[in-house]
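Biologist: I would like to learn how to read a structure feature by feature. Could you take me through one, beginning with a single side chain and working outwards?

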Amino acid sequence: MKAAITCMSILLTGAAALHAQDATRQKLELPTPKPLVINKSLHANGTLVMEMNAGEVRVVCSDEQQTIRLTVEPRGSYDDATVQSWVRRFDVAGDRASIDLKLPKNNDNHRGAKVTISVPAQTDLKLELGVGDLTVKGIEGNKEIHVGIGDLTVGVTDGAKYNEISTGTKIGDAGDAVSHEQSDGFFPKTKHTSLQGIYKLHATVGIGDVNVVQD
């Protein structure tokens, strides 16, 4: 009887090992997803309006004049058609670009993909991200930016060009290194106004940290 049990145990152990090897092999054989890259024309001094549910986002200065580029880098195994379906909208009409992205929520709920949007150096921004991290670097213009849950970092090249810079969050830290203001605790916020400058910057987060930094 003991011999039969021992034999059965060995068989089950062997079967489990083979199953694990097959699962590992299948996982290794999954294709590596390619980044999705879309380029369109957008004149300087235009406006980018973006809505996105979740992910890691960077908005940076384009290395090509009058061009907006959307790059989506999946974090997981997806086919090209699936990645393309995340882009619900990417339109340019005149001097206004509109982007609407709906990405999967993997693991920690907001790392389904990394998204980079390159725009002309002078572009007004109206951005909203539900969950994740959003960074803006090297862009001059009016900025109205909100993140529901996560961290927001907004770079400013020349603070003298802004007549108003304000930050705020419900729970977290709010900082403005350009105006040398810092606030923390519940409902922290900073606000700096000037008689000079032509731009306004409003950066807010529901839960998380928001920081204006010097580019």
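**Reading one feature at a time**

Modeller: Let us begin with a pair of side chains: those of S179 and D176 are joined by a polar contact of 2.7 Å. Please keep in mind throughout that this is a predicted model.

Biologist: Where does S179 lie, and is S179 buried or exposed?

Modeller: S179 sits in the loop that runs between β9 (162-176) and β10 (181-186). Its relative accessible area is 15%, and because buried means under 20%, S179 counts as buried. Once the neighbours within four places in sequence are left aside, S179 is in contact with I165 and H192.

Biologist: What is the wider fold in which that loop is set, in terms of helices and strands?

Modeller: The protein has 2 helices and 13 strands. Of its 215 residues, 41% count as buried, and the accessible surface comes to about 11800 Å², with 53% of that belonging to carbon and sulfur atoms. When contacts between residues at least 6 apart in sequence are considered, 68% of them join residues at least 24 apart.

Biologist: How should I read the salt bridges, and how many are there?

Modeller: The general idea is that side chains of opposite charge can pair when their charged atoms come close. In this model the count comes to 8 salt bridges. One of them is formed by the side chains of D80 and K34, with an N to O distance of 3.8 Å. This pair links distant parts of the chain, since D80 belongs to helix α2 (residues 80-85), while K34 is in the loop between α1 (2-29) and β1 (36-41), 46 residues apart. D80 is partly exposed at 40% relative accessible area, whereas K34 counts as exposed at 53%.

Biologist: Which parts of the chain does the salt bridge of R75 and E56 tie together?

Modeller: The side chains of R75 and E56 meet at 2.9 Å, N to O. R75 lies in the loop between β3 (67-74) and α2, and E56 lies in strand β2 (residues 46-61), so the pair ties together parts that are 19 residues apart in sequence. R75 itself is partly exposed, with a relative accessible area of 36%.

Biologist: Which residues are joined into one network by salt bridges that share partners?

Modeller: Take the pair R69 and E64, whose closest N and O atoms are 2.9 Å apart in a salt bridge. R69 is buried, at 15% relative accessible area, but E64 is partly exposed, at 40%. Through shared partners, salt bridges join D63, E64 and R69 into one network.

Biologist: What can be said of D91, both for its place and for its contacts?

Modeller: D91 is found in strand β4 (residues 87-93) and is partly exposed, with a relative accessible area of 38%. The side chains of D91 and R89 are joined by a polar contact of 3.0 Å. If residues up to four places away in sequence are not counted, D91 touches K40, R96, A97 and S98. For D91 and K40, it helps to set the two separations side by side: 51 residues in sequence, and 8.5 Å in space from C-alpha to C-alpha.

Biologist: How does L42 read by the same steps, and is L42 buried or exposed?

Modeller: L42 is in the loop between β1 and β2, and at 1% relative accessibility L42 counts as buried. Beyond its neighbours within four places in sequence, L42 has contacts that include Q66, T67, I68, V92 and P120. L42 and P120 are 78 residues apart in sequence, yet their C-alpha atoms are 7.6 Å apart in space.

Biologist: Which residues touch the most other members of the largest nonpolar core?

Modeller: That core has 44 residues, and V59 and I117 touch the most other members. The contacts of V59, not counting residues up to four places away in sequence, include I117, V119, L125, L127 and I139.

Biologist: And which residues form the nonpolar patch on the surface?

Modeller: The patch is made of I149, I171, F186, F187 and I207, which together have about 560 Å² of accessible area. I207, one of these residues, lies in strand β12 (residues 199-207) and is partly exposed, with a relative accessible area of 44%.

How values were computed
Residues numbered from 1 in each chain as written. Predicted model: local features only at pLDDT ≥ 70, side-chain atom pairs only at ≥ 80, totals over all residues. Heavy atoms only, no water. Helix = DSSP H or I, 4+ residues; strand = E, 2+ residues; numbered from the N terminus. Buried < 20%, exposed > 50% of the residue type's maximum accessible area, 1.4 Å probe, protein only. Contact = heavy atoms within 4.5 Å. Areas by Shrake-Rupley, 256 points an atom, 1.4 Å probe, with all protein chains shown as cover. Polar contact = N/O pair within 3.5 Å; in protein donor to acceptor, adjacent residues only side chain to side chain. Salt bridge = Lys/Arg side-chain N within 4 Å of Asp/Glu carboxyl O. Patch = residues over 30% accessible without salt bridge, like charges linked within 9 Å, V, L, I, M, F, W, Y side chains within 5 Å. Core = buried A, V, L, I, M, F, W, Y, C linked by side-chain atoms within 4.5 Å.
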